[in-house]
Amino acid sequence: MQTRAISLGHGLDVFVTPLRDGDEETVRSVFNRAEPCLTAAEVGGLAAVDARHHVLVAQVPGDREPAAIASLVRTGGTSAEIAFAVVDRYRHRGIGSALARELIADGRAAGVTDITALTAADNRAALALIRSCAKVRRVAFEGPELTISAAIA
Ligand SMILES: CC(C)(COP(=O)(O)OP(=O)(O)OC[C@H]1O[C@@H](n2cnc3c(N)ncnc32)[C@H](O)[C@@H]1OP(=O)(O)O)[C@@H](O)C(=O)NCCC(=O)NCCS
């Protein structure tokens, strides 16, 4: 996949590229500047890209550090779990939604029809983000966590 240039419509552009398999530095760079922090094993898992695990990285021109990362892990025939992180200073500017749209388009092209996302129960941004690019079917509260299930077909 080539680099995609995306205009967010308010003077901010981002470049979106797939994560190179094993690129733990990029994963760490996002998560060192975003919540939540990841363990070394989690960083390694996120950076391990293969046919089952697709990861996209967003970069703002002029900033050498990545602005956001999004991951899609196939969990079954047509289902996948997705996760996102945008670094603090780039939040609420549309980058998460833009990256989600690209990730979901890639998933759809690869035959994924249903996604789930796990997040904190009070994470209104994550729920709004998924609502903006998928048809939310179910929102289930499990203690402090929220599981969002959505269709993307
Ligand atoms: C969740 C997260 C990825 C959103 O990224 P973002 O780039 O800030 O999101 P966007 O600017 O594209 O906004 C997406 C939607 O969330 C809303 N939103 C953004 N920040 C918000 C906030 N702090 N409170 C409430 N809503 C918020 C936006 O208004 C938008 O909704 P709309 O489409 O109805 O207008 C980002 O906050 C983040 O990295 N959080 C920490 C990690 C995380 O929680 N990941 C989700 C687990 S799946």
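**Helix packing, sheet order and ligand shell in a predicted model**

The axes of helix 1 (residues 24–32) and helix 2 (residues 40–47) come within 9 Å and cross at roughly 120°. Helix 1 is therefore oblique to helix 2. The structure described here is a predicted model. In it, helix 1 passes helix 2 in a right-handed crossing. Helix 1 contributes Glu24, Val27 and Arg28 to the contact. Helix 2 contributes Val43, Gly44, Leu46 and Ala47. Sorted by class, the contact of helix 1 with helix 2 holds 4 nonpolar, 1 polar and 2 charged residues.

A second helix pair was examined in the same way. Helix 3 and helix 4 pack at an angle of about 50°, and their axes lie 9 Å apart. This angle makes helix 3 oblique to helix 4. Their crossing is right-handed. On the helix 3 side, the contact is made by Gly96, Ser97, Ala100, Arg101 and Ile104. On the helix 4 side, Leu129, Ser132 and Cys133 take part. The contact of helix 3 with helix 4 comprises 4 nonpolar, 3 polar and 1 charged residues.

The strands were considered next. An open sheet is formed by 8 strands, in the order 1-2-3-4-5-6-8-7. Its pairing is mixed. Strand 1 (4–7) and strand 7 (135–142) stand at the edges. Each has a single partner strand, so one side of each is left without a neighbour in the sheet. On average, neighbouring strands of this sheet are turned by 25° against each other, direction ignored.

Strand 1 and strand 2 run antiparallel and are joined by 4 bridges. One bridge places arginine 4 opposite its partner in strand 2, valine 16. The two strands, strand 1 and strand 2, form a hairpin with 5 residues between them. In the turn, glycine 9 has a positive phi of about 85°. Strand 2 (residues 13–18) also pairs with strand 3 (residues 53–59). This pairing is antiparallel and runs over 4 bridges. Here proline 18 has leucine 56 of strand 3 as its bridge partner.

Helix 3 connects the two parts of this description. It lies across strand 1, strand 2, strand 3, strand 4 (68–74), strand 5 and strand 6. Relative to strand 4, helix 3 runs at about 30°.

The surroundings of the ligand were then examined. There are 22 residues around the ligand. Of these, Arg91, Gly96, Ser97, Ala125 and Ala128 come nearest. Gly96 and Ser97 also belong to the contact that helix 3 makes with helix 4. At least two residues of the shell come from each of strand 5 (79–86), helix 3 (95–109), strand 6 (114–120) and helix 4 (124–133). Helix 4 gives the most, with 6 residues. By class, the shell around the ligand has 11 nonpolar, 7 polar and 4 charged residues.

Definitions and conventions: Residues are numbered from 1 along each chain as its sequence is written. This is a predicted model: local features need pLDDT of at least 70, side-chain atom pairs count only at pLDDT 80 or more; totals for chains, interfaces and linings use all residues. A residue is near a molecule or strand if its C-beta atom, placed from the backbone, lies within 6 Å of it. Ala, Val, Leu, Ile, Met, Phe, Trp, Tyr, Cys and Pro count as nonpolar, Asp, Glu, Lys and Arg as charged, and the others, Gly among them, as polar. Axes are lines fitted to C-alpha atoms, for helices over the stretch in contact, and angles run from 0 to 180 degrees between N-to-C directions. Angles under 35 degrees count as roughly parallel, over 145 as roughly antiparallel, 65 to 115 as roughly perpendicular and the rest as oblique. A crossing is left-handed if the near helix is turned anticlockwise from the far one by less than a right angle, and right-handed if clockwise. Two residues are in contact if their C-beta atoms, placed from the backbone, lie within 7 Å. Two strands pair if DSSP finds at least two bridges between them.
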